[in-house]
Amino acid sequence: MRAGLPVTVPGMTVGLLGGSFDPAHDGHVHITEMALRRFGLDRVWWLVTPGNPLKAHGPAPLSERIAQARTIMRDPRVTITDIEARLGTRMTSDTIAALQRLYPRVRFVWLMGADNMVQFDRWDSWHEIAARVPIGIIARPGWRMPARFSRAARILWRARQPEAQARQLADMQPPAWVMINVPLNKQSSSAIRARLKRART
Ligand SMILES: Nc1ncnc2c1ncn2[C@@H]1O[C@H](COP(=O)(O)OP(=O)(O)OP(=O)(O)O)[C@@H](O)[C@H]1O
Ligand SMILES: O=C(O)c1ccc[n+]([C@@H]2O[C@H](COP(=O)([O-])O)[C@@H](O)[C@H]2O)c1
């Protein structure tokens, strides 16, 4: 195993929560705790992206975002990693393919908030992502219905599994996705950035 990469044991289930985390906030902590519990995961890795391929403005420096994320996420089951920068991947499909090559005995699932499901059909090779890993979607205020009726959801409607099966997510043969309803958390990085900007002016 290359230096700096998370250590795993065979058969472990790992949820991958990719994000800008610019900054990380208690909404990220909340959905991570919910995902661990409801999807029955052993671990969650926060993949702090060098930069979302769909976002025009670059985020704060990666090292700053990682350091800040580590101050708010204290659960020992959660690893905060710059693995995409280490692997040299930017597109999620490439990251997942690389992780599956590096960790052939780990069962990965992709995690995202409901808002991301709405634009999932614009991601690079999104069909391949859905074919590679089960996907767990976590409710976000205002996004449950748009996610349910999104283009990606319509195309993948046969792959949707009932919420009652959420605990089996990592064992499902992809394509498979489950959307879970959880107590909603309104926090967002863009709202925090806007508040900080107002405070500075
Ligand atoms: N409050 C929340 N409820 C549910 N999902 C969330 C919440 N906040 C973030 N997420 C999810 O966490 C992942 C990473 O999110 P990200 O780092 O972009 O934060 P964000 O608050 O969505 O940022 P921004 O407001 O800049 O878009 C995404 O899958 C996003 O959907
Ligand atoms: O691969 C893509 O085309 C792609 C397009 C948009 C977003 N993503 C990933 O989605 C995750 C959430 O991004 P963000 O900026 O909404 O936190 C993060 O891991 C991004 O790299 C990936």
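**Exercise 1.** Which strand and which helix each supply at least two residues of the shell around ligand 2?

*Solution.* Bear in mind that this is a predicted model.
- Start with the residues that come nearest to ligand 2: of the 15 around it, these are Gly18, Gly19, Ser20, Asn52 and Trp123.
- Next, go to the elements. Strand S1 (13-19) and helix H4 (92-102) are the ones to name, each giving at least two shell residues.
- To round it off, sort the shell by class: five residues are nonpolar, eight polar and two charged.

**Exercise 2.** Work out which element gives the largest share of the shell around ligand 1.

*Solution.*
- List the candidates that supply at least two residues each: S1, helix H1 (26-38), strand S4 (107-113), helix H5 (114-119) and H9.
- Pick the winner: H1, with three residues.
- Now look at who comes nearest. Of the 18 residues around ligand 1, that's Gly19, Gly27, Gly113, Ser189 and Ser190.
- Check the chemistry too: this shell holds five nonpolar, 11 polar and two charged residues.
- Spot the link with Exercise 1: Gly19 is among the nearest residues for ligand 1, and Gly19 is also in that group for ligand 2.

**Exercise 3.** Find the cis peptide bonds that lead into Pro23 and Pro175, and place each proline in the chain.

*Solution.*
- Take Asp22 to Pro23: the bond is cis, with omega near 0°. Pro23 sits in the loop between S1 and H1.
- Then take Pro174 to Pro175, again cis, with omega near 5°. Pro175 belongs to the loop between helix H8 (151-155) and strand S6 (177-180).

**Exercise 4.** Phe21 and Ser125 have positive phi values. Decide whether each is buried, partly exposed or exposed.

*Solution.*
- Phe21 is a non-glycine residue with phi near 50°, in the loop between S1 and H1.
- Count neighbours for Phe21: it has 24 C-beta neighbours inside 10 Å, so it counts as buried. The cut-off for that is 20 or more.
- Ser125, another non-glycine residue, also has phi near 50° and lies in the loop between H5 and helix H6 (126-132).
- Ser125 gets 15 C-beta neighbours inside 10 Å, so it counts as partly exposed.

**Exercise 5.** Is Ala199 buried or exposed? Locate it as well.

*Solution.*
- Ala199 is part of helix H9 (residues 189-200).
- Just 7 other C-beta atoms lie within 10 Å, so Ala199 is exposed; 12 or fewer is the limit for that class.
- For a sense of distance, try Thr79: 120 residues away along the chain, its C-alpha atom is 32 Å from that of Ala199.

Technical notes:
Residues are numbered from 1 along each chain as its sequence is written. Chains are lettered from A and ligands numbered from 1 in the order in which they are written. This is a predicted model: local features need pLDDT of at least 70, side-chain atom pairs count only at pLDDT 80 or more; totals for chains, interfaces and linings use all residues. A residue is near a molecule or strand if its C-beta atom, placed from the backbone, lies within 6 Å of it. Helices (H or I, at least four residues) and strands (E, at least two) are DSSP runs, numbered from the N terminus. Ala, Val, Leu, Ile, Met, Phe, Trp, Tyr, Cys and Pro count as nonpolar, Asp, Glu, Lys and Arg as charged, and the others, Gly among them, as polar.
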